[in-house]
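Hi,

Here is the structure I promised to pass on. Have a look at it first, and then read my notes underneath.

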Amino acid sequence: MVPLHFTHFQALFLFALVISLAFGTLGRRKPIERVKYAAWSLLMFLLVAIALGWLMYPFSR
Amino acid sequence: MPEEEIGPAPVTEPAAAPAEAGVLPGPIAADTQAGAHEASHATLPAEREAGDASSSPGGSPSLAGDSPSSVRAVAVALAGWIVPGLGHALLKMWGRAWAIFLTVGFLVYLGAGMRGNIFAAGGEDAFSRLGYLADLGAGSFYYAARMEETTGADVSHADGDYGTRFLATAGVLNLLAALHSYEAARGRKA
């Protein structure tokens with residue numbers, strides 16, 4: 001199998017996207033609610049991850 | 001997907017609760033009413049699942065029987081654990097079944113492709129044992145990941161570290177889905 005290589009952000013985005021879609025599908029029943037919930041989850045994943053990244057930045061060196 | 005076409009689930013009124021509630025004193029009656037209300041929700045899932053399983057002719061889950069049994073629910077959960085999504089497929093919750101199958105499969109594919117650590121049995125520390133339990137949650141996909149990752153893990157790079165998390169997440173997500181299918185098969189809110 002071909003090894004996969006991602007940047008940090010790509011890996012983070014893929015993870016957030018897949019999990020958000022799963023949460024939306026499992027957690028809601030109507031299509032529009034699923035889309036909204038998945039989009040909200042994705043946004044929150046990304047925002048929190050980026051915020052945590054910046055919070056840790058001063059301690060990275 | 002059929003499940004999206006269903007509107008709000010119909011409410012099943014408890015048959016005996018109102019008459020009984022009138023006989024009992026205040027708090028007990030309130031408890032009884034609450035219990036009856038919960039009982040009505042406990043029977044509701046048959047219809048709720050029908051919402052998810054709308055393609056089945058009678059609106060009842062396919063493994064069916066009219067009364068949900070715990071043995072059947074355990075079987076459904078086990079099936080869902082061994083093959084991600086199978087538990088929901090047995091209940092004819094097709095959308096969720098596909099979502100779980102594809103999500104867990106994709107996460108395992110990514111995790112193994114990124115050369116994440118696939119924990120084996122007999123780990124030396126708690127982290128390894130917990131990792132093994134999480135990975136094993138993916139059921140048969142755990143072994144698929146082991147076969148896919150022929151070059152072994154490489155956690156010296158960020159890719160491998162992320163891959164380890166992807167694999168663990170796949171397992172935990174599948175366990176969550178198996179539990180969800182168990183609840184649905186029991187006729188509880190799911």
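Start where helix 1 of chain A meets helix 9 of chain B. On the chain A side, the residues that take part are A:H8, A:A11, A:F15, A:I19, A:A22 and A:L26, and on the chain B side they are B:A158, B:Y162, B:F166, B:T169, B:L173, B:A177 and B:H180. Sorted by class, that contact holds 10 nonpolar and 3 polar residues, with no charged ones. Keep in mind that this is a predicted model.

How do the two helices lie relative to each other? Their axes are 11 Å apart and pack at an angle of about 5°. Angles under 35 degrees count as roughly parallel, so helix 1 of chain A and helix 9 of chain B are roughly parallel to each other.

Now zoom out to the whole contact between the chains. Chain A puts in 18 residues and chain B puts in 23 residues. Within the chain A side, helix 1 (residues 8-27) gives the most, with 10 residues. That side of chain A divides into 13 nonpolar, 3 polar and 2 charged residues.

Helix 1 of chain A deserves a second look. With 20 residues, helix 1 of chain A reaches 28 Å from its first C-alpha to its last, close to the 28 Å expected at 1.5 Å a residue. Which of its residues are buried? They are A:A11, A:F15, A:V18, A:S20, A:L21, A:A22, A:F23, A:G24, A:T25 and A:L26. What do these buried residues pack against? Their partners are helix 2 (31-56) of chain A, plus helix 6 and helix 9 of chain B.

You can do a length check on helix 9 of chain B (residues 158-186) too. The expected span is 1.5 Å times one less than the number of residues, so the 29 residues of helix 9 should span 42 Å, and its end C-alpha atoms are indeed 42 Å apart. Just after helix 9 of chain B comes B:G187, which has a positive phi of about 85°.

Here are the two chains in outline. Chain A has 2 helices and 0 strands, and buried residues make up 20% of its 61 residues. Chain B has 9 helices and 0 strands, and 41% of its 190 residues are buried. If you look at the contacts in chain B with a separation of 6 or more, 73% of them join residues 24 or more positions apart.

There is another helix pair to find, this time inside chain B. Helix 6 (residues 94-113) and helix 8 (residues 140-148) of chain B have axes that come within 9 Å and cross at roughly 30°. That is under the 35 degrees cut-off, so helix 6 and helix 8 of chain B also count as roughly parallel to each other. The crossing of helix 6 past helix 8 in chain B is right-handed. Where do they touch? B:V104, B:G105, B:V108, B:G111 and B:A112 from helix 6 of chain B meet B:F141, B:A144, B:A145 and B:E148 from helix 8 of chain B. The residues of this contact come to 6 nonpolar, 2 polar and 1 charged.

Finally, some loop residues in chain B. Most residues other than glycine have a negative phi. Two residues to look at with that in mind are these:

- B:K92 has a positive phi, near 60°, and is not a glycine. B:K92 sits in the loop between helix 5 (86-90) and helix 6 of chain B. With 21 other C-beta atoms within 10 Å, B:K92 is buried.
- B:R115 is not a glycine either, yet its phi is positive at about 60°. You'll find B:R115 in the loop between helix 6 and helix 7 (126-136) of chain B. B:R115 has 25 C-beta neighbours inside 10 Å, so it counts as buried.

B:R115 also leads you to another loop residue. Leaving aside residues up to four places away in sequence, B:D154 touches B:R115 and B:G160. B:D154 is in the loop between helix 8 and helix 9 of chain B. Is B:D154 buried or partly exposed? It has 16 C-beta neighbours inside 10 Å, so B:D154 counts as partly exposed. The C-alpha atoms of B:D154 and B:N117 are 7.1 Å apart, although 37 residues separate the two along the chain.

Have fun looking around!

Note on methods. Residues numbered from 1 in each chain as written. Chains lettered and ligands numbered in written order. Predicted model: local features only at pLDDT ≥ 70, side-chain atom pairs only at ≥ 80, totals over all residues. Axes fitted to C-alpha atoms, helices over the stretch in contact; angles between N-to-C directions. Helix = DSSP H or I, 4+ residues; strand = E, 2+ residues; numbered from the N terminus. Parallel < 35°, antiparallel > 145°, perpendicular 65-115°, else oblique. Left-handed = near helix turned anticlockwise from the far one by under 90°. Contact = placed C-beta atoms within 7 Å. Nonpolar A, V, L, I, M, F, W, Y, C, P; charged D, E, K, R; others polar. Buried ≥ 20, exposed ≤ 12 C-beta atoms within 10 Å, placed from the backbone.
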